[in-house]
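I opened this notebook to keep track of what I looked up in the model, one topic at a time. The entries follow the order in which I went through the sheets, the rings, the cores and a few single residues.

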Amino acid sequence: MKRKWKPWLVIPALAMGLLWGSTVMGCSDDDNPITPQEQQVSSVDQPELKFDETSVSIQGRGGSGEMGYTLENPVEDGEISARSNANWVHDFDTSEDGVIKFVVDPNNVTDERKATIAVTYSATGIKKVTETFTLIQDPGLVEDLSVNFRFVDTEGNIIKERVMLDIYVIRSDFNSLVPYANYEISNGMQSILMNRPTTLIVTAVADSYNPCRMEIPDAEAGMVVDVEMKPRSGLRIMECNVDYGWGYQDPNNSNWANVSESRKNNFVEWVQKYDPDVITFCELNCFGFGTNIDTDFQEFAKRYGHNYASLRKQGGRNSFPTGISSRYELTNIEKVELQTAPQTGYRVHGFLQADCKGVTVIACHLSSQDAQTRVVEAEEIARRVSSKQYALCSGDMNSDSREDEEHLAAGVWPDKRWWNSPPQYEPIDKYFAVGLKDSFYLISDNFQATGMTCDGNGVRYDYPTMDKTGMKLDCMMMTGDLAQKCDFATVIQNDVTSNLSDHFPYMVHVDVDVE
């Protein structure tokens, strides 16, 4: 006979935990014994119940199953009911003639288990008829509840070096990516628990391979996914807004120097694992002292493998310099100052520009004090970037983007943003007007914030909340020609980066010639 069973339906993790717990603590198969014939039927005219099979099998991961039956000599008001002597079989459905449906919990042990299913036909004027069949469930395997990733090279070989794996899911009410899990793996394989079918966004970064991003629609337990990574080429460019110079001269903390050094050490340890070729920085307040303002920043950059570095201006408590570090030589360095007084008072605004392997990179941090200054800065940056074939500007734009609004779900974008003011689109519009592209949306159809949101007590959230979407403050705007070579972009949002700064790092890969 042909088995009748339906594919596994994934049960949410909380439900699984409760059901598994009840299985362990509940009745055994013999606690509620069922006899094949509870009441003997003597008349040949009495109803007779026959199953299509004597038993039915179901996978260890559980799910829905069914058994077909035929009923001879039925009566007008007859009813079918079903029960089991095992509490891991439940939700019986007898509404469809000729079939008994039921749900089976996942088997949480590595042995086969059996249950007896009793089906009873009863009606007025007849004796109840009860027949049984056996349900056999395969051994349970924990890995069946997981999506299993294998990281392979272009020839299908398992990658045995360190891979930084970040996994995101889509929060549909915002159309926004939110972090799901992150791992540092070294054996080329990783399993993640799947509570229900969903779409996964997966990013993988390894030293010898180009970073890659995969979208896995309808990911479900039991899947094996090969993540293919190509040999390293081109440039990895990262943007880091480091939160007030990693704690420069905090008047509220007498131990600020030790705290600052600890935060720098944490950054060095972390950034080496993503191994960017170029980093643009905002808020390097803790560097730029001495005769050569680049010297101490250059010494710091060498700690994570960058022998070239430059700082736009001297640091200090209220300086907020931008900087660029690189493993490749930086040429044509310009430390640009803009005439923005009196709007910004004592603060001198500008940006840092340099060339690296044929790509012009601008590190900027648009003014947080004055809306008109942001427009002035963006206009000059847009003019410079658009004059190059391969160029980008990277940093904290402190502005709103129409493209961010378009990618969020309808009704999410608030009417008031900055200090309860209407959104300011003009700075980013300056970039769009000269044909620059937001690199994030070259790769993603979903919004993702780079600036954390906080509740009224200052507690940070690393995903959108119902009253705050967060802001994608940091971005990399690219020329059209460079955008065509961009094959990877991500906001690195995980347990570690949530504590490195108040902004999440942003990284792209552009497939340009670096030989």
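Entry 1, the antiparallel sheet. I was working with a predicted model throughout, and I began with an open sheet of 4 strands, which I read in the order S11-S10-S13-S14 with antiparallel pairing. Strand S11 (176-185) and strand S14 (209-219) take the edge positions, and each has a single partner strand, so one side of each is left without a neighbour in the sheet. I also noted the angle between neighbouring strands of this sheet, which comes to 20° on average when direction is ignored.

I then looked at one pairing within this sheet, that of strand S10 (residues 163-171) with S11, and found that the two are joined in the antiparallel sense over 9 bridges. As one example of the register, I wrote down that Ile170 has Leu177 in S11 as its bridge partner.

The loop between S10 and S11 holds Asn175, and I marked this residue because its phi is positive, about 55°, although Asn175 is not a glycine. I checked its accessibility as well: with a relative accessible area of 23%, Asn175 is partly exposed.

Entry 2, the mixed sheet. Next I turned to an open sheet of 3 strands, in the order S12-S9-S15, whose pairing is mixed. Its edge strands are strand S12 (189-193) and strand S15 (224-228), each of which pairs on one side only. Neighbouring strands here are turned by 25° against each other on average, again with direction ignored. For the parallel part of the pairing I looked up strand S9 (residues 146-152) and S15, which are joined by 5 bridges, and I noted that Asn148 has Val224 in S15 as its bridge partner.

Entry 3, aromatic rings. How many aromatic pairs does a search of the whole structure find? I obtained 20. In one of them, the ring centres of Phe149 and Phe151 lie 6.5 Å apart and the planes meet at 25°, so I recorded the pair as stacked. Both Phe149 and Phe151 are buried.

For Trp270 and Tyr274 I recorded ring centres 5.0 Å apart and planes at 35°, so this pair is tilted. These two residues are 4 residues apart in helix H3 (residues 256-274), which means that about one helical turn separates them. I checked their burial too, and both Trp270 and Tyr274 are buried. Following the ring pairs outward, I arrived at a cluster that links Trp246, Phe267, Trp270, Tyr274, Phe281, Phe287, Phe297, Phe300 and Tyr304.

I added one contact between a charge and a ring to this entry: the charged end of Arg113 sits over the ring of Trp88, at 4.0 Å from the ring centre.

Entry 4, nonpolar cores. Which members of the largest nonpolar core touch the most other members? Among its 54 residues, I found that these are Ile381 and Tyr431. Strand S22 (residues 359-365) gives the most to this core, namely 5 residues. I then listed the contacts of Tyr431, leaving aside neighbours within four places in sequence, and they are Leu366, Ala378, Ile381, Ala382, Cys393, Met397, Leu436 and Met477. Apart from this core lies another one of 27 residues, including Tyr248, Tyr274, Phe281 and Phe287.

Entry 5, two further loop residues. Glu283 was my next stop, since its phi is near 65°, a positive value in a residue other than glycine. I located Glu283 in the loop between strand S17 (278-282) and helix H4 (295-302). Is Glu283 buried or exposed? At 10% relative accessibility, Glu283 counts as buried.

I closed with Ala123, which lies in the loop between strand S7 (113-122) and strand S8 (129-137). Its relative accessible area is 16%, so Ala123 is buried. Beyond the neighbours within four places in sequence, I found Ala123 in contact with Val75, Asp77 and Gly78. I also looked up the separation of the C-alpha atoms of Ala123 and Ile80, which is 9.2 Å for two residues that are 43 residues apart along the chain.

Key:
Residues are numbered from 1 along each chain as its sequence is written. This is a predicted model: local features need pLDDT of at least 70, side-chain atom pairs count only at pLDDT 80 or more; totals for chains, interfaces and linings use all residues. Side-chain values use heavy atoms; hydrogens and water are left out. A nonpolar core is a set of buried Ala, Val, Leu, Ile, Met, Phe, Trp, Tyr and Cys residues joined through side-chain atoms within 4.5 Å. Buried means under 20% relative accessible area, exposed over 50%, partly exposed in between (1.4 Å probe, protein chains only). Contact means heavy atoms within 4.5 Å. Two strands pair if DSSP finds at least two bridges between them. Axes are lines fitted to C-alpha atoms, for helices over the stretch in contact, and angles run from 0 to 180 degrees between N-to-C directions. Rings of Phe, Tyr and Trp (its six-membered ring) pair if their centres lie within 6.5 Å; planes under 30 degrees apart count as stacked, over 60 as edge-to-face and the rest as tilted. A charge sits over a ring if NZ of Lys or CZ of Arg is within 6 Å of the ring centre and within 35 degrees of the ring normal.
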